[in-house]
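Ready for a few exercises on a protein model? Have a look at the sequence and the 3D view, then work through the tasks one at a time.

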Amino acid sequence: MDIHALGYLRLEATDLDTWERFLRDGLDTEVVRDGDSELRVRIDERPARLVVTASDVDRLAAVGWEASGLRALARVTAALEGAGVEVRGAAPEELADRRVEALVHVCDPGGSALEIYAGPALDHRPLAPRAGTRFVAGDLGFGHVVLPQPEMDAAMAFYEGILGFQHRDSMRLPGMGPDGSDAWIRFLGCNPRHHSLALFEGPVPSGIVHLMLEVDDLDAVGRGLDRCRDLEVPISASLGRHTNDHMVSFYVGTPGGFDVEYGTGGRLVDPATWVATEITAVSYWGHRWGSAG
Ligand SMILES: [Fe+2]
């Protein structure tokens, strides 16, 4: 697949101090702060998986999708332009800021800003000493993101039809669509991770439902849960195991009002033999929303 991984998220935030504490002391990521303007979060050799920029709103600013190389990015760009989607090139300062060789800007049908890039410069320095959490990221990307898409058909035509994502499965939301029809959550992959992207059929003011970070074992999840409790960060959903990606995870509220899912054990699938299905429960067990975890 020409787009092969979720690369990074850019977020805007009204309270950088609380975000910094949450990301460093709660999630155990390396956070580099640039004065009062920006936080850059590293969990592996990619330069920054999350960039949180000071703003007067809390919202998703952009999703970075990594193409497998310059030719792959050129093919994706041609497919977008061929479908009549407006594609804008990046300024040299943006390439330097993102530390990538090439990048294009595009907007998805739900209004999310995407940055599709190739050639990320790696940062080989060891991660700054933290509590020792090891993240599962690298070439598979760092996890997944769930985006609101009020027009699901248009969103699937864009992500599946133009960008080449594979539809992995769907979850029906009975009666939650327009005029009482069923709405859907659709899960899409671009590598063996079960999903790197999920589309939620409905509006969300912040532009993001949740983002997911994967760590390497259950103890790291449990320690993360303890740290978030110690910080008195609200636990949105208790520990549980999802039916589709098999992730064992909990959900915690970010200072931006949306959630981070923090989990382990996500399964890898074979795109060549995958059959898209409908799941009828979110979790085998757990993920009790509104409980204290
Ligand atoms: Fe998730």
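A word you'll need first: a residue is buried under 20% relative accessible area, exposed over 50%, and partly exposed in between (1.4 Å probe, protein chains only). Keep in mind that this is a predicted model, where local features need pLDDT of at least 70, side-chain atom pairs count only at pLDDT 80 or more, and totals for chains, interfaces and linings use all residues. Residues are numbered from 1 along each chain as its sequence is written, and side-chain values use heavy atoms, with hydrogens and water left out.

**Exercise 1. Work out how many disulfides there are, and look at how C107 and C190 are placed.**

Step 1: recall that a disulfide is a covalent bond between the sulfur atoms of two cysteines. The test here is a pair of cysteine sulfur atoms within 2.5 Å.

Step 2: try C107. Its closest cysteine sulfur is in C190, 19 Å away, so that's too far for a bond.

Step 3: count up. You get 0 disulfides.

Step 4: check the surroundings. C190 is buried, because its relative accessible area is 3%. C107 has 45% relative accessibility, so C107 is partly exposed.

**Exercise 2. Find the residues that touch the most other members of the largest nonpolar core.**

Step 1: get the term straight. A nonpolar core is a set of buried Ala, Val, Leu, Ile, Met, Phe, Trp, Tyr and Cys residues joined through side-chain atoms within 4.5 Å.

Step 2: this core has 64 residues, and the ones you're after are L9, L23, W65, I116, Y159 and L163.

Step 3: zoom in on L163. Skipping residues up to four places away in sequence, L163 is in contact (heavy atoms within 4.5 Å) with I3, V76, L80, L114, I116 and F158.

**Exercise 3. Describe the lining of the second largest pocket by class.**

Step 1: define the pocket. On a 1 Å grid over the protein atoms alone, a pocket is an open set of points where a 1.4 Å probe fits, with protein on both sides within 12 Å along at least five of seven lines; lining residues have an atom within 4 Å of a point.

Step 2: list the lining, which includes L60, A61, P148 and V204.

Step 3: sort it. Ala, Val, Leu, Ile, Met, Phe, Trp, Tyr, Cys and Pro count as nonpolar, Asp, Glu, Lys and Arg as charged, and the others, Gly among them, as polar. That gives 7 nonpolar, 5 polar and no charged residues.
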